[in-house]
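Please open the model in a viewer and keep a selection tool at hand. The tour below moves from one selection to the next and describes what is found at each stop.

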Amino acid sequence: MNISTMIIIAVSSLVVIGIGAFISFAVGRRHHSNDDWIVGGRSLPIYVVAFTQYATAVGGGVLVAHVGIAYAWGFSIFWYEIFVIIGLLLVALTAGWLRRRKFATLPEVFARLYGEHRLMLTVVAIAVIVVPFGWLATQFVSFANLFNAVTGVNTTTLVIAMAIISMIFVLPGGLTSVAWSDFFFGVFMIGGSLVVAVYAVIAAGGWGTIMSTIPSELSEFPAAITAAGPETILLWFFAILPGTLTNQLYYQRIFAARSVKEARTGIYLSCVMIIIAGTYALIMGLAILSMNPSFGVDGREQAAGWFLTEIPVWLLALYGAFLMATIVSTTGSALQSVVVNLVSDLRRTYVTRKDTEADLVKISRWTTVAVTVVAAGLTIVYPQALGWLILTYAYSASILAVPLLVGMMLASRWRIQPVVAYAAMIIGLITCATAHAMGTTVPYAVFGIVGSLVAYLIALAIWRPTQIAPGAADPTLLQSRGKE
């Protein structure tokens, strides 16, 4: 690629990043308390909640992995999006119960369900951290791989650049600055995806040409819906649904909304935008397949990178900015979430002294720098995007999913003994790790979740829960739909 083209891509990307950074710093100057850092001051408007949920969920995975899925299996991509949406809708059902208790993190939810236990909060905090940390590493890898194909710059330099950019959006005001910059990025992402997808269809000769040139199993219904095969779809189900239900990033947007109603509405709107993202991935994947079917199923993640080499400079400039916005919106959210758990959960569990608001914000900022350095270093050593995602989702869900979800369902009437949660978490971890080590055909996350559920039920039968007096009972989660 010639120097002038690289300059055009760099300038367009910097303009978009610059606007986002300006928003981040402007908001950070006005909202700089510890509450703003952790939960956006619990005052984010509905449109910000919607776009930050969307921008958080749609990152480098959609740009690379999802386009690759559509390239290999066409309409099967929508199973992936449907499982994410189902998870978000289930999270929305808990909004009333969560908001009324003014939680800030998932470890705080566990403390409410099972009591304040140092060991439990430590294990939960670590299990919560690994998913956004995995996301952070994944976005670094996706950015480096995509822009390496376009610019020829080595991946180590690109990872370091993305690490620095990610910090810029977190340091000013934590979740508040991240969420407001996400709003801008989300709007830009919707517009950019429409332009790029329309160009891809035109370049491939139109939708009719695409459907006539791709393999029949990807174009004829109902076979096209299940082209990925039942085993792959089952894998997605057990990886995505529990992973979504235990992903703190989504809960934080509920904690940060102005009301229960706005938190739920924001999730509903973000679900619509996630379908748009899935449609973008489908169009891109099938258009690229029509133009170049040589990659095959195994080389599907090369499809997006190849497309970058085939588009005109003006679109490459837009697409470069689109890539940057999409990836940065997720890295900022993931980085902020990791920092919150480290400072508000792990540190608070072991450090008893009282810190001022200013001290906590300062500690969070230094922790942001430290986490970024560690994530960038690990990404350079182990640059496998898909590996990060599968590993972190599987282990986190195996430890957290059952005690979190079953615990919230029982919380309205029963007080559960902490040993029940310990049993579920330990057995979930052991069964997941055992299946992982054995290389089982069935995804190891399935063994972890099933093992955790069995252990929870057995422990519940042995250490029977105490019934809460009717007057002291919490409203049932599924009925808590009123305003705060």
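Begin by selecting Tyr444 in this predicted model. Is Tyr444 buried or exposed? Its relative accessible area is 15%, under the 20% cut-off, so Tyr444 is buried.

Keep Tyr444 selected and add Phe83 and Phe237, which form one of the aromatic pairs of the model. The structure holds 16 aromatic pairs. In the pair of Phe83 and Phe237 the ring centres are 5.4 Å apart and the planes meet at 80°, an edge-to-face arrangement. Phe83 belongs to helix H5 and Phe237 to helix H13, and the pair links distant parts of the chain, 154 residues apart. The two partners can then be coloured by accessibility: Phe83 is buried at a relative accessible area of 6%, while Phe237 is partly exposed at 30%.

Now return to Tyr444 and display Tyr395 beside it. The ring centres of Tyr395 and Tyr444 are 6.1 Å apart with their planes at 50°, so this pair is tilted. Because Tyr395 lies in helix H19 and Tyr444 in helix H21, the pair ties together parts of the chain that are 49 residues apart in sequence.

**The aromatic cluster**

Select Tyr47, Phe51, Trp180 and Phe183, which ring pairs link into a cluster. Centre the view on Phe183, a residue of helix H10 (residues 175-203). With 25% relative accessibility, Phe183 counts as partly exposed. Setting aside neighbours within four places in sequence, the contacts of Phe183 are Tyr47, Val48 and Phe51. For a distance check, pick the C-alpha atoms of Phe183 and Ala223: the two residues are 40 apart in sequence and 37 Å apart in space.

**The nonpolar cores**

Which residues touch the most other members of the largest nonpolar core? Among its 158 residues, these are Tyr54, Val109, Phe185, Trp236, Met284, Tyr319 and Tyr456. Helix H17 (residues 313-350) supplies the largest share of this core, 17 residues. Zoom in on Phe185 and show its surroundings: not counting residues up to four places away in sequence, Phe185 touches Val16, Ile17, Gly20, Phe169, Ala325, Val328 and Ser329. Another core, of six residues, lies apart from the largest one; its members include Tyr395, Ala435, Tyr444 and Ala445. The tilted pair of Tyr395 and Tyr444 seen earlier therefore has both of its residues in this separate core.

**The second largest pocket**

Next, display the second largest pocket, with a volume of about 430 Å³. Of its 21 lining residues, select Leu90, Leu245, Leu405, Val406 and Met409, which are the closest to its centre. Four elements give two or more residues to the lining: helix H5 (77-93), helix H13 (230-245), helix H19 (385-410) and helix H21 (444-462). The largest share of the lining, six residues, comes from H19. Colouring the lining by residue class shows 20 nonpolar residues, one polar and no charged.

**From Ser219 to the cis peptide bond**

Move to Ser219, which is placed in helix H12 (residues 216-219). Ser219 counts as buried because its relative accessibility is 18%. Beyond its neighbours within four places in sequence, Ser219 is in contact with Met211, Ile214 and Ala224. Then follow the chain to Phe221 and Pro222, which are joined by a cis peptide bond with omega of about 5°. Pro222 is found in the loop between H12 and H13. Most peptide bonds are trans, so a cis bond merits a look in the viewer.

**Two positive phi values**

The last two stops concern the backbone. Most residues other than glycine have a negative phi. Select Arg42, in the loop between helix H2 (34-39) and helix H3 (46-57). Phi of Arg42 is positive, near 50°. Lys102 also has a positive phi, near 55°, and is found in the loop between helix H6 (95-100) and helix H7 (106-114).

Which of the opposite words, buried or exposed, applies to Arg42, and which to Lys102? Arg42 is buried, because its relative accessible area of 18% is under 20%. Lys102 is exposed, because its relative accessible area of 52% is over 50%.

How values were computed:
Residues are numbered from 1 along each chain as its sequence is written. This is a predicted model: local features need pLDDT of at least 70, side-chain atom pairs count only at pLDDT 80 or more; totals for chains, interfaces and linings use all residues. Side-chain values use heavy atoms; hydrogens and water are left out. Buried means under 20% relative accessible area, exposed over 50%, partly exposed in between (1.4 Å probe, protein chains only). Contact means heavy atoms within 4.5 Å. A nonpolar core is a set of buried Ala, Val, Leu, Ile, Met, Phe, Trp, Tyr and Cys residues joined through side-chain atoms within 4.5 Å. On a 1 Å grid over the protein atoms alone, a cavity is a set of points where a 1.4 Å probe fits but cannot get out, and a pocket is an open set with protein on both sides within 12 Å along at least five of seven lines; lining residues have an atom within 4 Å of a point. Grid points are joined across faces, edges and corners, and a volume is the space filled by probe spheres set on the points. Ala, Val, Leu, Ile, Met, Phe, Trp, Tyr, Cys and Pro count as nonpolar, Asp, Glu, Lys and Arg as charged, and the others, Gly among them, as polar. Rings of Phe, Tyr and Trp (its six-membered ring) pair if their centres lie within 6.5 Å; planes under 30 degrees apart count as stacked, over 60 as edge-to-face and the rest as tilted.
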